[in-house]
Amino acid sequence: MLEKLKYLWQELNASFWLIPIALLVFFIALAVGMIYLDDTLEYSVDEGIYKYFFSAGVDSARSIMTIIAGAMIGIAGTVFSITLVALTLASSQLGSRLLRNFMYDRLNQLTLGTYVSTFVYCLIVANTITDQDDMEFVPALSILVGLLAALAGIILLIVFIHHISVSIQSDRVIADIYLSMSKHIRNLFPEQIGEEKEKPREDLPKIKARYSFSLQIRSLKTGYLQSVNSNHLIKLAKDNDMVVILLNRPGDYLVENLVICEILCNSPPGEDMEERINDNIITGKARTPYQDAEFSIHQMVEIASRALSPGINDPYTAISSIDNLTAIMCYLANAHFPSSFRYDQHGELRVIADSLTYTGMLDAAFNQIRQYGASSPAVMIRLMEALATIRKFTAKEDQQQAVILHARKVMADAQNAFADSHDMKDLEERHRKLMMYKNPG
């Protein structure tokens, strides 16, 4: 349940309507509270300095609220239009998958929510202004709050226009994706499903030999695997004395009736086991960064791939993507990749997961960029420099071999694509330095 609540909270944060709705509710409550204060407090706005800040006339008060309400709903429409234009530009130039990042943008949500909420606030206050024979009511404090909200809205519009013009620049988008990617990767890789063991005591065939019964669990839905409720899965395996072998990881596409895991046990499980396993797996229409460590990397790769397309031909954007991916791969070189074998608190094997590896992450980061950028000397040279930098951070032999393999692929593609021998010589020089480097660790 807790895992599903976390997932729902992530989805709510990615929605564009959460903050505007929250602001709308707050401003409605504020309007009711301010009207109550105006009706309860006794004060005079005709004397002293107060007459310069408070409206005393019914007609002027109603006019002020009407003007502010009309202006706010008009600006809200303008803000909505500007946001749609920015989303369209970002989608066409950088990729539609980046729209989620703009949906996360708190300033965009705050701006739209402020104008719509101020509009509703002014309508509520204007509705209470009365001028009848037996009673006249002008909520001066409420009107003052409306004026302050309008002033804040003007300042917010200036900030919003500056922000939206900066946020669609490719360098800024790449930097924002890097920050999001860095945050998610640092949160994901320290996490563990149960108590991990660095090296399993037995290999998979020996583990299967201990159990007399196996059952294949199939997916009940079609969609992307977004989240696995790890703690409940461990508990379920422990309560039923079984081992769950997961065949997919977050980010994989599941098809209904596809085998997603295998259960090992010594007695047939209950008839509802397939449903109970599927209850611990969340699928959706699109990939999310919640447990999918490769999602943000693919976003960065998509920007670089689009930049290298013949229609755009923007190697500088691709180089910027390579630089940010280099920083992530340098961090991952020293990060702890969880073992595929996960144990409960008593040291019993309960889950065998399909875990990510450094080699797989390196492939996801650079394979497509190398393939699309093979004909661009600037991109291939920077890619070789990036691999040389990454090798300085790799201490494990398998990681170094993965980096060397990518360097060889870069050289092979460049030999087939480079037309200038001088470009090839520059690339060979950087490759030579990469191969000569010896990690002191």
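Let me start with Asp344, which counts as buried, since its relative accessibility is 2%, and I should say at once that what we are looking at is a predicted model. Asp344 is found in the loop that runs between strand β10, residues 341-343, and strand β11, residues 349-352. If you look at where its side chain points, a polar atom of that side chain lies 2.9 Å from the backbone nitrogen of His346, and the backbone nitrogen of Glu348 is likewise 2.9 Å from a polar atom of the Asp344 side chain.

What lies across from Asp344 in space, although far along the chain? Lys238 and Asp344 are separated by 106 residues in sequence, yet their C-alpha atoms are 7.4 Å apart. Lys238 has its place in helix α9, and with a relative accessibility of 29% Lys238 counts as partly exposed, whereas Asp344, at 2%, is buried.

Staying in this part of the chain for a moment, the loop between α9, residues 230-239, and β6, residues 243-246, holds Asp241. Asp241 is not a glycine, and still has a positive phi of about 50 degrees. The reason to pause over this is that most residues other than glycine have a negative phi. Asp241 has a relative accessible area of 43%, and is therefore partly exposed.

There is a second residue of this kind, Asn313, whose phi is also positive, near 50 degrees, in a residue other than glycine. Is Asn313 buried or exposed? Its relative accessibility is 58%, and because the cut-off for exposed is over 50%, Asn313 counts as exposed. Asn313 sits in the loop between α11 and α12, which brings me to the packing of the helices.

The two helices on either side of that loop, α11 and α12, pack at an angle of about 160 degrees with their axes 7 Å apart, and that makes α11 roughly antiparallel to α12. Their crossing is left-handed.

For α14 and α15, the axes come within 10 Å and cross at roughly 165 degrees, so that these two helices are roughly antiparallel to each other, and α14 passes α15 in a left-handed crossing.

Earlier in the chain, helix α5, residues 106-128, packs with helix α6, residues 140-167, at an angle of about 155 degrees, the axes being 10 Å apart. Since angles over 145 degrees count as roughly antiparallel, α5 and α6 are therefore roughly antiparallel as well, and their crossing is left-handed. Sorted by class, the contact of α5 with α6 is made of 14 nonpolar residues, eight polar residues and no charged ones.

Finally, the nonpolar cores. How many residues does the largest nonpolar core have? It has 52, and the residues with the most contacts inside it are Leu325, Met329, Leu332, Met361, Phe366 and Leu427. The elements giving two or more residues to this core include helices we have already met, namely α11 (294-307), α12 (315-333), α14 (377-391) and α15 (397-417), and among them are also α7 (170-188), α13 (358-372) and α16 (421-436). Apart from this core lies another one, of 30 residues, including Met65, Tyr115, Ala126 and Ile164.

Notes. Residues are numbered from 1 along each chain as its sequence is written. This is a predicted model: local features need pLDDT of at least 70, side-chain atom pairs count only at pLDDT 80 or more; totals for chains, interfaces and linings use all residues. Side-chain values use heavy atoms; hydrogens and water are left out. Axes are lines fitted to C-alpha atoms, for helices over the stretch in contact, and angles run from 0 to 180 degrees between N-to-C directions. Helices (H or I, at least four residues) and strands (E, at least two) are DSSP runs, numbered from the N terminus. Angles under 35 degrees count as roughly parallel, over 145 as roughly antiparallel, 65 to 115 as roughly perpendicular and the rest as oblique. A crossing is left-handed if the near helix is turned anticlockwise from the far one by less than a right angle, and right-handed if clockwise. Ala, Val, Leu, Ile, Met, Phe, Trp, Tyr, Cys and Pro count as nonpolar, Asp, Glu, Lys and Arg as charged, and the others, Gly among them, as polar. Buried means under 20% relative accessible area, exposed over 50%, partly exposed in between (1.4 Å probe, protein chains only). A polar contact is a pair of N or O atoms within 3.5 Å; within protein, one must be able to donate a hydrogen and the other to accept it, and residues adjacent in sequence count only if both atoms are side-chain atoms. A nonpolar core is a set of buried Ala, Val, Leu, Ile, Met, Phe, Trp, Tyr and Cys residues joined through side-chain atoms within 4.5 Å.
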